[in-house]
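Student: I would like to learn how to read charge patches and aromatic pairs in a model. Can we go through them one by one?

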Amino acid sequence: MVKSMKMPVGYHKHCDKCYNVHCQVPAQTSVSCIVVKCHKNCGASLHMCKQEEHQLLCPNEIVPCLNVYYGCPLTMLRHRLAKHLEVCPASLVCCSQEWNRWPISESDLTFYRNVSENPVVNTEENLDVAMAHRDQEQLFQSIKMKNIFPELILEDSAVQNIAAGINSPADNACCSVDSGEYTENGSAKLDEELSQEERDTLAKCTDVTSIQNYSSWEKIFNKEKEGCKQTIKNLNKGEKGKEKEDQESSKSQKELHQGGECPVTARTMDGATGLAPWQDGVLERLGKEVNIAEYNMYLVHNGVMLINFGQLAACTPREKDFVYGSLEPIEVKSVRTFNVPTSYRAKRNHLKDPSRKAQTTHQSVDTSDLGISIEDLPKCEEVSTTLLCSLEKELKGHSISESVSTDGLYTDIGTQTYIFSSAPFKQDASLADVIAGKPCRLYLYIEAESVTRRHNKTSSAFSYMCGHYFRRDEYCFHFKNVHSDIQASLNGWFQQRCPLAYLGCTFTQMRFHPTGQEAIVKFSKDGSTLVLQPKANSSLCAGGKTFSPKRNDAQNLDPLSSLPLEIIQHIAGYLDSFTLSQLSQVSHLLREVCATLLQERGMVSLKWEKKKHSSEGSSWICQKKVWKFSSQFSSVDRWSFSDTPSMSNHLGTCSFYQREDRTEPVALPCLGEVRDKHGKLKHKR
């Protein structure tokens with residue numbers, strides 16, 4: 001019998017399928033209930049038993065934000081969720097704008113040397129130089145020396161001890177394995193030479209080649225071990241079954257002999273009939289019974305077991321090796337040994353004179369052939385050499401130490417040796433760590449190349465990405481003002497440099513400012529982005545007292561903190577996100593004021609932390625929620641020309657503008673033609 005399904009409390013059979021707003025079915029306890037309206041005044045009419053279900057759909061129900069699991073703490077009516085996503089502090093967008101930079105060439109060193117040595121140029125107002133320095137710092141931190149110069153990296157302490165002749169017990173155990181004698185079947189004689197303590201030390205030794213593959217190898221060996229155990233079990237069962245079959249056959253043979261009949265069986269002379277890998281003569285029987293395709297498939301699936309049971313040789317014995325007999329030598333035809341036919345007549349411009357050909361020899365060339373000691377060899381510069389090796393395929397079209405096959409017989413193998421004064425390098429050393437503490441100049445061009453979606457990333461120089469996070473309502477203004485208006489037109493339009501910059505002049509001036517306000521565009525090193533700084537009136541700063549951010553008493557207040565709290569909050573409401581982030585670092589009071597605007601103007605993100613478990617695995621957990629302001633400045637709709645003087649005014653005083661006065665007459669090419677024409681006319685007359 002089928003048991004009746006138990007209905008939930010408050011379930012009505014009629015209400016489950018009724019969608020009529022004007023339902024007139026009388027209310028009964030087990031059939032239906034009355035029709036009511038939503039108490040949130042959304043206009044919906046429904047049976048009373050569906051009110052709990054309606055709360056999941058009611059547009060006037062108060063619900064948390066869709067990004068509640070990403071840090072947004074706000075709650076609102078359901079019909080406002082879509083509108084809230086535009087300004088949600090947890091709905092963030094990462095700017096993916098990319099650009100390329102190339103390392104400078106040797107012909108442009110004058111300008112970049114002056115830019116690096118002149119401290120006035122390295123200010124925040126020189127946008128192209130400041131952004132190039134920012135990209136260069138990121139590049140130097142990303143270049144790992146072990147990926148480019150693995151031969152110049154410091155070895156581990158264990159390897160250094162071995163090289164110095166100082167061996168630990170584990171090293172001695174490892175060395176004893178290498179120096180141990182081996183028997184004919186390949187097993188080392190360690191039982192007689194190593195004690196139990198040395199064996200334990202050897203088992204714990206981590207100085208073994210490819211130790212990182214131990215887990216994978218262990219799984220493979222365990223599977224092979226289980227297979228061998230199963231094979232032994234099958235062999236034992238086969239031997240027992242064979243004994244039983246022998247007993248039964250002997251009994252039947254006796255009965256047949258007593259009856260005078262001749263025994264006829266399907267067995268061969270050796271008594272083996274199966275096709276298992278451990279049975280003798282399996283390959284001979286298999287070759288007679290199956291075709292070549294099935295025979296090869298059998299070898300593929302059972303090759304390891306056939307070798308283990310001695311049915312198949314692991315390698316060809318020496319006595320069975322193929323020995324060449326009397327063979328006729330065949331001349332190898334290659335590019336160098338090929339003789340040009342006598343009927344061929346090459347053109348003179350394509351045929352080189354063999355008498356003038358330089359004599360070449362095939363030999364290896366090393367730095368020792370120079371006759372100079374290693375100490376006297378010139379040292380390489382770390383940055384230039386590292387950048388060249390990073391881009392050797394892009395700049396040169398091939399690797400510097402590339403092996404080139406000239407023909408089928410000869411191969412040119414080239415190696416490049418680098419000697420640095422700071423070598424050897426640490427294991428995790430980057431290029432920034434190598435040049436730390438040294439005066440670093442600019443090694444990248446100040447001109448940046450934009451990257452499009454059709455750009456081939458494999459052939460790019462050094463690619464950079466903006467990578468800043470913004471609220472969804474701020475991203476459009478960031479991309480328009482920073483990347484489209486400023487960065488795309490920085491060289492020559494938004495910022496103008498002296499025409500004699502190729503000679504070394506570092507003069508520059510800004511040509512635009514936001515329409516309607518006096519402000520300048522600067523580069524912030526703290527935020528690593530472009531910002532807009534209004535020009536403050538000098539009268540506001542005159543006579544002001546200096547203050548320290550680390551104040552311990554109320555008398556050392558900054559001018560803004562001395563204002564009433566209501567006025568400070570009102571002023572902070574007009575500031576952009578970047579200004580709020582800077583204002584929050586002035587004092588504790590201003591930090592608390594800026595914190596009240598985080599939900600309205602800030603953004604929240606999750607900080608993840610990797611946690612290792614007691615077992616081998618690990619997982620990521622959310623450590624905390626981080627609230628901060630973005631680096632977006634006030635949006636600029638239009639730009640206007642600034643009241644900057646013309647560049648010709650600078651050329652009048654530019655030290656690189658050197659006039660060369662010519663007093664001697666110079667004959668123009670056109671005058672010579674006119675003189676010849678006049679001479680011909682006179683000659684005709």
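Student: Which residues form a positive surface patch?

Tutor: Note at the start that this is a predicted model. In such a patch, like charges are joined within 9 Å. Here Lys225, Lys229, Lys233 and Lys237 make up a positive surface patch.

Student: Where does lysine 233 lie?

Tutor: Lysine 233 is part of helix α9, which covers residues 214-259.

Student: Now the aromatics. How many aromatic pairs are there?

Tutor: Rings pair if their centres lie within 6.5 Å. By this rule the model has 11 aromatic pairs. One of them joins phenylalanine 149 and phenylalanine 420. Their centres are 5.1 Å apart, with 65° between the planes. Planes over 60 degrees apart count as edge-to-face, and this pair is edge-to-face.

Student: What does that pair tie together?

Tutor: Phenylalanine 149 sits in the loop between α5 and α6, and phenylalanine 420 in the loop between β8 and α14, so the pair links parts 271 residues apart in sequence.

Student: Are the two rings buried or exposed?

Tutor: Buried means under 20% relative accessible area. Phenylalanine 149 has 1% and is buried. Phenylalanine 420 has 5% and is buried as well.

Student: And what is the geometry between phenylalanine 494 and phenylalanine 512?

Tutor: That pair is stacked: 5.6 Å centre to centre, 25° between the planes. Phenylalanine 494 is in the loop between α15 and β12, and phenylalanine 512 is in strand β14, so the pair ties together parts 18 residues apart in sequence. Phenylalanine 494 is buried at 2% relative accessible area, and phenylalanine 512 is buried at 9%.

Student: Which aromatic cluster includes Phe494 and Phe512?

Tutor: One cluster is formed by Trp493, Phe494, Phe512, Trp639 and Phe641.

Methods: Residues are numbered from 1 along each chain as its sequence is written. This is a predicted model: local features need pLDDT of at least 70, side-chain atom pairs count only at pLDDT 80 or more; totals for chains, interfaces and linings use all residues. Side-chain values use heavy atoms; hydrogens and water are left out. Patches are made of residues with over 30% relative accessible area and no salt bridge: like charges are joined within 9 Å, nonpolar side chains (Val, Leu, Ile, Met, Phe, Trp, Tyr) within 5 Å. Accessible areas come from the Shrake-Rupley method with a 1.4 Å probe; for residues, only the protein chains shown count as cover. A salt bridge is a side-chain nitrogen of Lys or Arg within 4 Å of a carboxyl oxygen of Asp or Glu. Lys and Arg count as positive and Asp and Glu as negative; His and the chain ends are not counted. The place of a charge is taken as NZ of Lys, CZ of Arg, CG of Asp or CD of Glu. Helices (H or I, at least four residues) and strands (E, at least two) are DSSP runs, numbered from the N terminus. Rings of Phe, Tyr and Trp (its six-membered ring) pair if their centres lie within 6.5 Å; planes under 30 degrees apart count as stacked, over 60 as edge-to-face and the rest as tilted. Buried means under 20% relative accessible area, exposed over 50%, partly exposed in between (1.4 Å probe, protein chains only).
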